[in-house]
Amino acid sequence: DRPCPRSHPRTCMKCGQGTAALVIRVGDPFCRGCFREYFVHKFRAMLGKNRVIFPGEKVLLAVSGGQASSAMVRQVQEVSGGSGGAWGARSPLTPHLTPFLCQGLSREAAKRLRFVPGLVYVEEGAVRRQSPEQREQTLAQMETLLQATGFPYHLIHLEEALELPPSILQPGPERANTSSPSRPSYKEAVDSFIQQQRQDGDSGTSLPGHSTQDKPAGPPATPRLPDAAQTQELLRSFEAAGTATAREELLEMLRTHLIVQTARDRGYSKVMMGESLTRVAIKLLTNLSLGRGAFLAVDTGFTDQRHGDVMVVRPMRDYTAKEIAFYNLFFGVPTVIVPPLFTKRREKPSIHQLVERFLLGLQEEFPSTISTVYRTGEKLSPEPAKASSESQRCLLCLCGLDIDGGEW
Amino acid sequence: SKISVVHCFYFRGGAELLFDGVKKHQVTLPCQPEPWDIRNLLKWIKQNLLKERPELFMQGESVRPGILVLINEADWELM
């Protein structure tokens, strides 16, 4: 039984001064200020450590209106040199920026290693049992949210998945990867970006490769809802899926295809998905149960390169659902919550729901459960890429078919 | 220790879906001999505010695993 708040609250373990506002991990109390620094720093460190986002690159952020992807958008705003405000001067440096500081570069310019973000929202009201009015309302709320960021955005309906080209079922032509001689290495790209900044003076000039093609936030005509006929056809596909598990998988597949196609159509080379640590751990065990053990690394890792020309990254995979929820609450990150995927009456829960219930339940008594699952997953790495002509790929998930005998 | 009067409950992040979509609930709790501790508060919420699917909100006498609780904007795990 938990006692009520008392007059002597706990202190932050980091600064030793602030009143603790939440407990992070297993028993670390943090005050709001230190929590914010911790949160923002983790995002920068994630990008810096992985070194896959190049300066000036077009990155499409997949936004669901949920907690994690909304927090992700806010972090991109912070990293893009947005306001910073009172926090700008206090934010700790990420290690990868230190060498640039030694070259006598200003802290501000070094921090402004920006990429060019766009946003995409997939409206799924049809399969979440929303009425047309509710769908319109959700769309309106999301459009307001997306417009407020100032980034270009795209609103699409899940029904549009019915019109995807067959090319979505194959990896796109690989762009030059980091080891190719025609493309600079990460360090070279960053060096030349910083040089450019110096020449232009540290006054935040336009980024290399920044086109005016995607007009920022002048809204495209708000898309109306799709035809009832299209909605019906979509619902028929979902009904045909048979089990709750199959429906969840179908939804995720169609959504991913739509997002990747949007990226491809609009020249984005990267997609950021907002899967949290909690979600990744659940996905890991769920996918294992679904027979996808061979592909855990690509399904849950930081990078997912199966689409070839469009790389999917998961920058929120180091944040627990709790950290994200508290961050959003404390720092006013807006969200738009929608009902879950429809389930039929008296239908057995999906494997996804069962695993979620299992992990969250276990976590109550054993608070390192989820992080342990996550950390085990971290040890998995994708198989070294085989030439795509050698191995056959699954049409639906684009992973190499697991057909070679081989040793266990 | 007891709380004698509680003014506001907020349900967010999807929890509001179980409360008719209403995020803010301002209530006056009835006088009763039992203390208004968290256990009794939750019971009262379940009986008087919760509109559907109690199994998604509560598990036994506590909230369902995964639901976060804040008291006066602070993590209840601090207490």
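Two strands pair if DSSP finds at least two bridges between them. Keep that in mind as you look through these close-ups of a predicted model.

**View 1. Strand β3 of chain A and its pairing with strand β4.** Here β3(A), residues 58-63, lies parallel to β4(A), residues 116-123, and six bridges link the two. To find your way, start at A:V63 and look across to A:Y121, its bridge partner in β4(A).

**View 2. Strand β3 of chain A and its pairing with strand β6.** β3(A) also runs parallel to β6(A), residues 270-272, with three bridges joining them. A good landmark is A:L61, whose bridge partner in β6(A) is A:M272.

**View 3. The two faces of strand β3 of chain A.** In a regular strand, side chains alternate between the two faces of the sheet. On one side of β3(A) you will find A:K58, A:L60 and A:A62, and on the other A:V59, A:L61 and A:V63; all of these are buried. Because six of the six residues of β3(A) are buried, this strand is largely enclosed by the rest of the structure.

**View 4. Helices α13 and α14 of chain A.** The axes of α13(A), residues 351-365, and α14(A), residues 369-378, come within 8 Å and cross at roughly 120°. That angle makes α13(A) oblique to α14(A). By class, their contact has five nonpolar residues, two polar ones and no charged ones. You can pick out the residues that meet: A:L359, A:L360, A:L362 and A:Q363 come from α13(A), while A:T369, A:I370 and A:V373 come from α14(A).

Definitions and conventions: Residues are numbered from 1 along each chain as its sequence is written. Chains are lettered from A and ligands numbered from 1 in the order in which they are written. This is a predicted model: local features need pLDDT of at least 70, side-chain atom pairs count only at pLDDT 80 or more; totals for chains, interfaces and linings use all residues. Side-chain values use heavy atoms; hydrogens and water are left out. Buried means under 20% relative accessible area, exposed over 50%, partly exposed in between (1.4 Å probe, protein chains only). Helices (H or I, at least four residues) and strands (E, at least two) are DSSP runs, numbered from the N terminus. Axes are lines fitted to C-alpha atoms, for helices over the stretch in contact, and angles run from 0 to 180 degrees between N-to-C directions. Angles under 35 degrees count as roughly parallel, over 145 as roughly antiparallel, 65 to 115 as roughly perpendicular and the rest as oblique. Contact means heavy atoms within 4.5 Å. Ala, Val, Leu, Ile, Met, Phe, Trp, Tyr, Cys and Pro count as nonpolar, Asp, Glu, Lys and Arg as charged, and the others, Gly among them, as polar.
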